[in-house]
Each structure stands twice: as structure tokens, then as C-alpha cells.
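Colleague: I am new to this structure and would love a close look at one part of it. Could you walk me through the helix packing and the charged pairs around it?

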Amino acid sequence: MSDAEQDKPDQFEKKWFVFFVNRLVIVCCFALCTAALAGYVYIDVMRTSKGPNQETVLFDVPSGAGLFKIKHDLFRAGVISHPWQFHFAVMFSSEGFVPKAGEYEIPAKASLDQVMHILHSGRVFQHKLTIIEGWRSLDVMQALNDAEKMNSVILLPPDEGSVFPDTYFYTKGTDRRTLLAQMQAKMEITLAEIWAERAADLPLKNPEDLLKLASIIEKETGASGEKPLVSSVFMNRLERKMRLQSDPTVSYGLSLNGSLKQTLSRSDLASPHKWNTYRIKGLPKTPIANPGYQALYAAAHPKKTDYLYFVADGEGGHNFAKTLDAHNRNVRQYRNIIRKKQKKPTQ
């Protein structure tokens, strides 16, 4: 056999080996690309699929917390199915992930993408505290101290009437004294604005007088439409040097450190404290509550009337009168309504 004939099998084997290797490389590349594509699709589906939590979760990111702690805390909170899922979601995130310290609201069934976006945004959860019109400062202090996830303690009630009733928002760790200062600043600004635009010739010396009167109006009626009428009664009495004779002022003085008395006796009306407007002339020593905007505005803009008296009508409002005789008729009418309601059998 010649040398040329011997070289032919060797050349064939070499070509076949090269062909095999090339095909193997192509197959491997195809397999790797397919695996990479499948992995990308899997991670993308994993990032956008609904999470396991069935309810909203408040999740806290402590200051300085790293990815390891965050992913395990999310898993323990039931927000993610497994820590490694969150780790891979962060690794393949195109927008980057820099969690901000704070408390966050994670909605039910939030996806990994949503969770990352929430923690990255820095938009921390806002707690809210509502101060009701007519609350005493003692009530405000108790509400502040009972509010969850705040720091410090309010040891003494703020000055009566110094807090503006409203809904206030705060974040976890807010100092209670800081929020109280915000409430008081809002009252100071609101009172100054209303005083500056008050009606002319009011029998009030200063903003403090307006605040006192507004607090009485607030406690006398919860109906916004009646507040200017109640204000007119007290203004007319002040101008005539008549005692205001307001039951809420008596209740306040008798209950400075406890619950307000709902029913007053004759002896209560004769009590000598400095808020009893049945005994003292003019306005009481201090406000008796924290009035809202409508009561403040009514005190600065009373309706023009000749009314000097008012009494509850038994239906949630009041009857107003210009004379004592008319007022006494309204009182008798109110008492009859109350007696009928008491006799009526409960259903």
C-alpha cells in the first residue's frame, strides 16, 4: 500500500473529528444559550409573580441592614417564598437596589419587583393620629402617649386650647413632643389668621379671648350650622354684661383631672371654681377644650341675632330664644320630649 493510500484514512479521521468538535461546540453553545434564556425567563417570571402574603405587611428595614438580613426578614414576614429568590431578583435587577431604612407597607401578594421598588423608594409608611374637636388637652396627652411606634412620653397636658384638632401623620420613631409641637404650631397659625379677619366690634380683647369662646361653642354644639348662632348668644350676653351660664364650663372645672360630668346638679352649678360661668362674669380662666376651625371661625364671625338663650331641642339640635319667657317654654318642651323618650319601650 502506498503512502498516499495510507494517509487517506488519517485525513478522513481528522475531518470527522473536526466536524464532531464543531458540532459539539455548536450544541453546547445552543444548550448554554437555551439554559441562559430559560434562566432569564424563570427569574423574570419569579420577579413578577404574586407573593405569598395574603394580607398587607408592615416591614421594617433597620438602619444599616444588609441584603442578607433583609431577605431573611422578608422570608420570616411571609413576604417572599424563599430568601434566595430575593437575592437573585436583586442580582438581576436592571435598576439597582439600595434599600432605605424605615417602615414600609407591603401590599398583599406583592411581587419581588414591587417589594424591591418599595424598599428602594424610601417612601416610608405614615401612621396617623386624629385629634377630635372638643377634646381636652388631657385627652390629647393620652392619645399621644397611646399612639403606637412613637418615642418619648408626654408627662403633662399641653396648655388647654393650644392644640389644633386634625389628623396628623408621622413615621415610626417620631418623638411625641415633636408631633405635639406641630399640633400647637398649627393652632397658633390658625388662631392668628382667624383673629386678623374677625368681624368688627366684637366684645373680645385678644386672640386668647376668641380661643376661650370658641372652646365653649365647640362643647355646646356639634352641629356646624348652629355654631354661629351659639356664638351670637354668647356675644350678645357679653355685650350686655350677662353671665354666659354655659354648662360645659361647669363640667370642665369639676373634672380637671378626670372624666367630664355629663349631668349637672344644682350644687354643681353653684360650685365656686374659676370656670363656672354661672358664677363668674365674662369668659372663664382658660379655654375648656381644643376647638376646631368651625368653632374658631364662628367665634370670630357670629351671626347677627337678638338671641340670649338656647336649650337642646331633644333631637340633636337647639332652640334659640330672645326672651326668658320664650326660653322657659323651650325648656319645658325639651323636658317633655325627654320624658316621652324615657317612657317609650325599647325595641
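Modeller: Happy to; here is a walk through a group of packed helices, followed by some charged pairs and one buried residue.

Please keep in mind that this is a predicted model. For orientation, the protein chain has 12 helices and eight strands. Of its 347 residues, 39% are buried. Among the contacts with a separation of 6 or more, 61% are between residues 24 or more positions apart.

Let us start with helix 7, which spans residues 207-220. Two packed helices are described by the angle between their axes and the distance between the axes. Helix 7 packs against helix 11 (residues 293-300) at an angle of about 120 degrees, and their axes are 8 Å apart. Helix 7 and helix 11 are therefore oblique to each other, and helix 7 passes helix 11 in a right-handed crossing. On the helix 7 side, the contact is made by L210, L211, L213, A214, I217 and E218. Helix 11 brings A295, L296, A298, A299 and A300 to that contact. Sorted by class, the contact of helix 7 with helix 11 has 10 nonpolar residues, no polar ones and one charged residue.

Helix 7 has another partner to look at, helix 8 (residues 227-239). The axes of helix 7 and helix 8 come within 10 Å and cross at roughly 125 degrees. That angle makes helix 7 oblique to helix 8, and the crossing of helix 7 and helix 8 is right-handed. Here helix 7 takes part through L213, I216, I217, E218 and E220, while helix 8 meets these residues with K227, V230, S231, F234 and M235. The contact of helix 7 with helix 8 has six nonpolar residues, one polar residue and three charged ones.

If you look back over the lists, L213, I217 and E218 are named in the contact with helix 11, and L213, I217 and E218 are named in the contact with helix 8 too. E218 deserves a pause. Side chains of opposite charge can pair when their charged atoms come close. E218 forms a salt bridge with K227, and the closest N and O atoms are 3.7 Å apart. Both E218 and K227 are buried.

That brings us to the other charged pairs. The count for this model is eight salt bridges. Salt bridges that share partners join K69, D73 and R76 into one network. Within this network, the side chains of R76 and D73 meet at 2.6 Å, N to O. R76 and D73 are three residues apart in helix 2 (residues 67-76), which means that about one helical turn separates them. How exposed or buried are these two residues? R76 counts as exposed because its relative accessibility is 62%, whereas D73 counts as buried because its relative accessibility is 15%.

Another pair is K186 with D166, whose side chains meet in a salt bridge of 2.3 Å, N to O. This pair links distant parts of the chain. K186 belongs to helix 6 (residues 176-196), D166 sits in the loop between strand 4 (150-151) and strand 5 (167-170), and the two residues are 20 residues apart. K186 is partly exposed, with a relative accessible area of 32%. D166 counts as partly exposed as well, at 26% relative accessibility.

Helix 2, the home of R76 and D73, also has a packing partner. Helix 2 and helix 3 (residues 83-91) pack at an angle of about 130 degrees, with axes 8 Å apart. Helix 2 and helix 3 are therefore oblique to each other, and their crossing is right-handed. From helix 2, the contact involves L67, I70, K71, H72, L74 and F75. From helix 3, it involves P83, F86, H87 and V90. By class, the contact of helix 2 with helix 3 has seven nonpolar residues, two polar ones and one charged residue.

A last stop for your tour is N330, which you will find in helix 12 (residues 324-343). N330 counts as buried because its relative accessibility is 13%. Leaving aside residues up to four places away in sequence, N330 touches V311, N319, F320 and A321.

Definitions and conventions:
Residues are numbered from 1 along each chain as its sequence is written. This is a predicted model: local features need pLDDT of at least 70, side-chain atom pairs count only at pLDDT 80 or more; totals for chains, interfaces and linings use all residues. Side-chain values use heavy atoms; hydrogens and water are left out. Axes are lines fitted to C-alpha atoms, for helices over the stretch in contact, and angles run from 0 to 180 degrees between N-to-C directions. Helices (H or I, at least four residues) and strands (E, at least two) are DSSP runs, numbered from the N terminus. Angles under 35 degrees count as roughly parallel, over 145 as roughly antiparallel, 65 to 115 as roughly perpendicular and the rest as oblique. A crossing is left-handed if the near helix is turned anticlockwise from the far one by less than a right angle, and right-handed if clockwise. Contact means heavy atoms within 4.5 Å. Ala, Val, Leu, Ile, Met, Phe, Trp, Tyr, Cys and Pro count as nonpolar, Asp, Glu, Lys and Arg as charged, and the others, Gly among them, as polar. A salt bridge is a side-chain nitrogen of Lys or Arg within 4 Å of a carboxyl oxygen of Asp or Glu. Buried means under 20% relative accessible area, exposed over 50%, partly exposed in between (1.4 Å probe, protein chains only).
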